[in-house]
Amino acid sequence: MTMTAAAKQAERRKVLAGTVVGTTIEWYDFFIYAQAAGAVFATLYFAPAGETVGQIVAWASLGISFLFRPLGAIVAGHLGDRLGRKRMLVLTLILMGLATALIGVLPTYAQIGVAAPVLLVLLRVLQGFSAGGEWGGAALMSVEHAPENKRGFFGAYPQIGVPLGMILATATMWVITTTLTEEQFLTWGWRLPFLFSIVLILVGYFIRRAVEESPVFKELQERKGESAAPLKTLFSKHAKEVVLAALIFIANNAAGYLLIAFFSAYATRPEAEGGLGLERPPVLLATTLASFGWLAFTLFGGIVSDRIGRVRTFQIGYVLLGIWAVPMWFLIDTGNIFMYLLALFLMTVGLGLSYGPQAALYAEMFPADVRYSGVSIGYAIGAIFGGAFAPLIADLVFGATGASWTIGLYILGVTIVSLVAVSLVKEPKGVALNTRSNEVVTV
């Protein structure tokens, strides 16, 4: 191996480390809020609305941030297409960490009144803005550094940052709930995971600072090929691809947010309130273990997509997710923690296969000069119609029907929509990433 090849290989390893570590930290921050929304925010910040309504409002606060993801995607995407992927990755990491740490010191409703939930929602909005710009940059840094025949594998690294963030967030909550009493947890213990973000942000910052800029963006700079108005070009020439990217993501994101937030809240809710009445620590442990399945099948999905194609891998994942959407509830409702774990783990098979290829697919759907904007905005819009209000919708469906399996019908419906959308994309695997002519063909 020549020195040049060795240096390139070393840089690729740094890129993979930077994307997975940074994305893990970003999503740890994002998911800690989701965990807390199901555990404490209804009581500490939205209690005057009543316990049931307070939980619904807490879920709504979780979803509101998604409405600001497109704004974050537009800003970060526009600047990322003009100034570079690396700068935006560092900026979004700092922004997310700042919002998370501030939540950790935010007074409750009992201490400062209505200002508490207002400030909480504003900080959640800041998290949403940051998340909107994060994913596109991480996806492109990994895919644009990848060899052509390993884009799916490289692109899976920012993807596995999501289940890793989930594992880290849930495991942190598990450790705290098993070492503190319920009173200590509600009084001050829930703040620790938010404050822990400060340490993680410092680690992620130094790792991301060491990563070189994307070679595709460097080529655009050398050719002075940046678009003067990337957003105008994106929406005038690639609006169909943005819509398809959004529709492709909604099912995965909706199912993912049930795993992230709803399942554990439903399992630990008292039976008198329609839940399973399970203890929080074993439920959090089971959710953490199931998230390892999400990680493994996401990485597997990226690798498989390099062999059989992005579209085919997505299709297999969504078929599996749709088949399991309803039956899994009958396992969950046994109230047995091992059946609960099995139900969630089996769901992660389809979840991972429809998530692993996403970064590579999206990167190959857009030309280089609008790629950051295209993938970020498509992802952000998909998240609004997917996971933004999935826990809230699940609660409302369950409340209206009294049967948890009807939530599965909701997931099945959005899965069909995403399956149709991805089937409308002609396989883009292998398309050139360093030219303006890599257009995706729809059928």
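In the predicted model, helix 7 (residues 115-145) comprises 31 residues and spans 46 Å from its first C-alpha to its last, close to the 45 Å expected at 1.5 Å a residue. Of the 31 residues of helix 7, 24 are buried, so this helix is largely enclosed by the rest of the structure. The C-alpha atom of G137 is separated by 9.2 Å from that of R87, although these positions lie 50 residues apart along the chain. R87 belongs to helix 5 and is exposed, its relative accessible area being 55%.

Helix 5 also contributes to a nonpolar surface patch. This patch is formed by L98, L102, V105, W188, L192, L195, I198, L202 and F206, which together present about 840 Å² of accessible area. At least two of the patch residues come from each of helix 5 (85-103) and helix 10 (192-209). The greatest contribution is that of helix 10, with 5 residues. Within helix 5 lies L102, which is partly exposed at 38% relative accessibility.

Charged side chains form a further set of contacts, with 5 salt bridges in the structure. One of them joins R280 and E182, at an N to O distance of 3.3 Å. Because R280 lies in helix 14 and E182 in helix 9 (residues 182-187), this pair ties together parts that are 98 residues apart in sequence. The two partners differ in their surroundings: R280 is buried, with a relative accessible area of 18%, whereas E182 is partly exposed at 46%. The side chains of R280 and E182 are likewise joined by a polar contact of 3.3 Å.

R310 takes part in two salt bridges, one with D306 and one with E364. In the pair formed with D306, the closest N and O atoms are 2.9 Å apart; the corresponding separation in the pair with E364 is 2.9 Å. R310 is located in helix 15 and E364 in helix 18 (residues 358-365), so their salt bridge ties together parts that are 54 residues apart in sequence. D306 and R310 are both buried, and E364 is buried as well. These residues belong to a network of salt bridges that links R151, D306, R310 and E364.

Aromatic side chains were examined across the whole structure, and the search identified 18 aromatic pairs. Among them, F297 and F345 adopt an edge-to-face arrangement, with 6.0 Å centre to centre and 65 degrees between the planes. F297 is placed in helix 14 (residues 280-308) and F345 in helix 17 (residues 337-353), so the pair ties together parts that are 48 residues apart in sequence. Both rings belong to partly exposed residues, the relative accessible area being 21% for F297 and 34% for F345.

A tilted aromatic pair is formed by F314 and Y318, whose ring centres are 5.9 Å apart and whose planes make an angle of 45 degrees. The two residues are 4 positions apart in helix 15 (residues 310-324), and therefore about one helical turn separates them. An α-helix has 3.6 residues a turn, so residues three or four places apart point the same way. F314 and Y318 are both buried. In addition, F262, F263, Y266, W329 and F398 make up one aromatic cluster.

Key. Residues are numbered from 1 along each chain as its sequence is written. This is a predicted model: local features need pLDDT of at least 70, side-chain atom pairs count only at pLDDT 80 or more; totals for chains, interfaces and linings use all residues. Side-chain values use heavy atoms; hydrogens and water are left out. Rings of Phe, Tyr and Trp (its six-membered ring) pair if their centres lie within 6.5 Å; planes under 30 degrees apart count as stacked, over 60 as edge-to-face and the rest as tilted. Buried means under 20% relative accessible area, exposed over 50%, partly exposed in between (1.4 Å probe, protein chains only). A polar contact is a pair of N or O atoms within 3.5 Å; within protein, one must be able to donate a hydrogen and the other to accept it, and residues adjacent in sequence count only if both atoms are side-chain atoms. Patches are made of residues with over 30% relative accessible area and no salt bridge: like charges are joined within 9 Å, nonpolar side chains (Val, Leu, Ile, Met, Phe, Trp, Tyr) within 5 Å. Accessible areas come from the Shrake-Rupley method with a 1.4 Å probe; for residues, only the protein chains shown count as cover. A salt bridge is a side-chain nitrogen of Lys or Arg within 4 Å of a carboxyl oxygen of Asp or Glu. The expected span of a helix is 1.5 Å times one less than its number of residues.
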